[in-house]
Amino acid sequence: MPSYDIKVNGKSLSVEAEADTPLLWILRDQLKMKGTKFGCGIGQCGACTVHLNGNAARSCSLRISSIGNAEIITIEGLSEDGNHPVQLAWMEENVPQCGYCQAGQIMSAASFLSKVENPSEEDIHQWMSGNICRCGTYPRIKKAIYRAAKEGVTE
């Protein structure tokens with residue numbers, strides 16, 4: 001079985017997997033990082049969103065063989081103690097309901113706010129439209145993103 005050297009949350013790791021193994025399963029099954037969720041399995045719902053070199057990426061459709069030297073950040077690595085501005089805004093706005101999609105939502109929002117400092121409602125709608133929340137917490141998600149933007153997200 002091939003071996004891959006990857007960098008996850010600042011740590012260099014070596015994993016063995018078939019070339020077409022999705023990053024999601026490396027994170028969850030081999031590295032025991034359960035924050036990144038399995039949703040649709042085809043990159044459509046956003047539950048599995050991680051950062052790949054700072055960009056939001058769907059880990060369920062990223063093959064381990066395509067990662068290369070990219071820096072992977074998961075919800076566990078977004079901040080050591082959960083105090084990233086997006087995470088704090090999520091708590092302050094009471095965003096989660098069932099919570100299943102929230103890690104992916106937060107990772108998408110953090111990537112978005114690292115690129116757009118003062119987002120419009122349309123910016124938020126367009127960027128976050130790829131993340132599905134079955135509970136319908138979209139108004140609270142939008143409020144949290146506005147709040148986090150005020151706090152300033154730099155990474």
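This report describes strands, salt bridges, cysteines and two helix residues in a predicted model.

## The strand β3 and its partners

Strand β3 covers residues 49–52, and its side chains alternate in direction: T49 and H51 point one way, while V50 and L52 point the other way. Although the two pairs point in opposite ways, all of these residues are buried.

On one hand, β3 pairs with strand β4, which spans residues 55–58, and the two are antiparallel, joined over four bridges. Within this pairing, V50 of β3 is found opposite A57 in β4. The two strands form a hairpin that has two residues between them, and in the turn N53 has a positive phi of about 55°.

On the other hand, β3 is also joined to β5, again in the antiparallel sense, and here there are two bridges. In this second pairing, L52 is the residue that stands opposite I72 in β5.

## Salt bridges between distant parts of the chain

Side chains of opposite charge can pair when their charged atoms come close. How many salt bridges does the count come to? There are five salt bridges in the model, and the paragraphs below look at some of them in turn.

The strand β5, already met as a partner of β3, also takes part in a salt bridge, for E71 pairs with K7, and the closest N and O atoms of the two are 3.8 Å apart. Because E71 lies in strand β5 (residues 71–73) and K7 lies in strand β1 (residues 3–8), this pair ties together parts that are 64 residues apart in sequence. E71 is partly exposed, with a relative accessibility of 23%, and K7 is likewise partly exposed, with a relative accessible area of 35%.

A further salt bridge joins K142 to E121, and in this case the closest N and O atoms are 2.9 Å apart. The pair links distant parts of the chain, since K142 is in helix α6 and E121 is in helix α5 (residues 121–128), 21 residues apart. Both ends are partly exposed: K142 has a relative accessible area of 25%, and E121 has a relative accessibility of 47%.

## A network around E93 and K143

E93 forms a salt bridge with K143, with the closest N and O atoms 3.6 Å apart. Here too the pair links distant parts of the chain, as E93 sits in the loop between α3 (85–92) and α4, whereas K143 sits in helix α6 (residues 138–151), 50 residues apart. Are the two residues buried or exposed, or something in between? E93 counts as buried, at 13% relative accessibility, while K143 is partly exposed, with a relative accessible area of 48%.

This pair does not stand by itself, for E92, E93, K143 and R147 are linked in a network of salt bridges.

## Cysteines without disulfides

The structure holds zero disulfides, and the distances between cysteine sulfurs help to show why. For C40, the closest cysteine sulfur belongs to C45 and is 3.9 Å away, so it is too far for a bond; a disulfide would need the two sulfur atoms to be within 2.5 Å. C40 itself is partly exposed, with a relative accessible area of 33%.

C101 is also in no disulfide, and its nearest cysteine sulfur, that of C133, is 3.8 Å away. Unlike C40, which is partly exposed, C101 counts as buried, at 8% relative accessibility.

## Two helix residues, Q102 and L88

Helix α4 covers residues 102–113, and Q102 lies in it. Q102 is buried, with a relative accessible area of 6%. Which residues is Q102 in contact with, once its neighbours within four places in sequence are left aside? The contacts of Q102 are W90, V95, P96, C133 and T137, and among them is C133, the cysteine whose sulfur is the nearest one to C101.

L88, by comparison, is placed in helix α3, and it counts as partly exposed, at 33% relative accessibility. When residues up to four places away in sequence are not counted, L88 touches G82 and N83. The C-alpha atoms of L88 and A148 are separated by 7.7 Å, although the two residues are 60 residues apart along the chain.

Terms used: Residues numbered from 1 in each chain as written. Predicted model: local features only at pLDDT ≥ 70, side-chain atom pairs only at ≥ 80, totals over all residues. Heavy atoms only, no water. Buried < 20%, exposed > 50% of the residue type's maximum accessible area, 1.4 Å probe, protein only. Contact = heavy atoms within 4.5 Å. Salt bridge = Lys/Arg side-chain N within 4 Å of Asp/Glu carboxyl O. Pairing = 2+ DSSP bridges.
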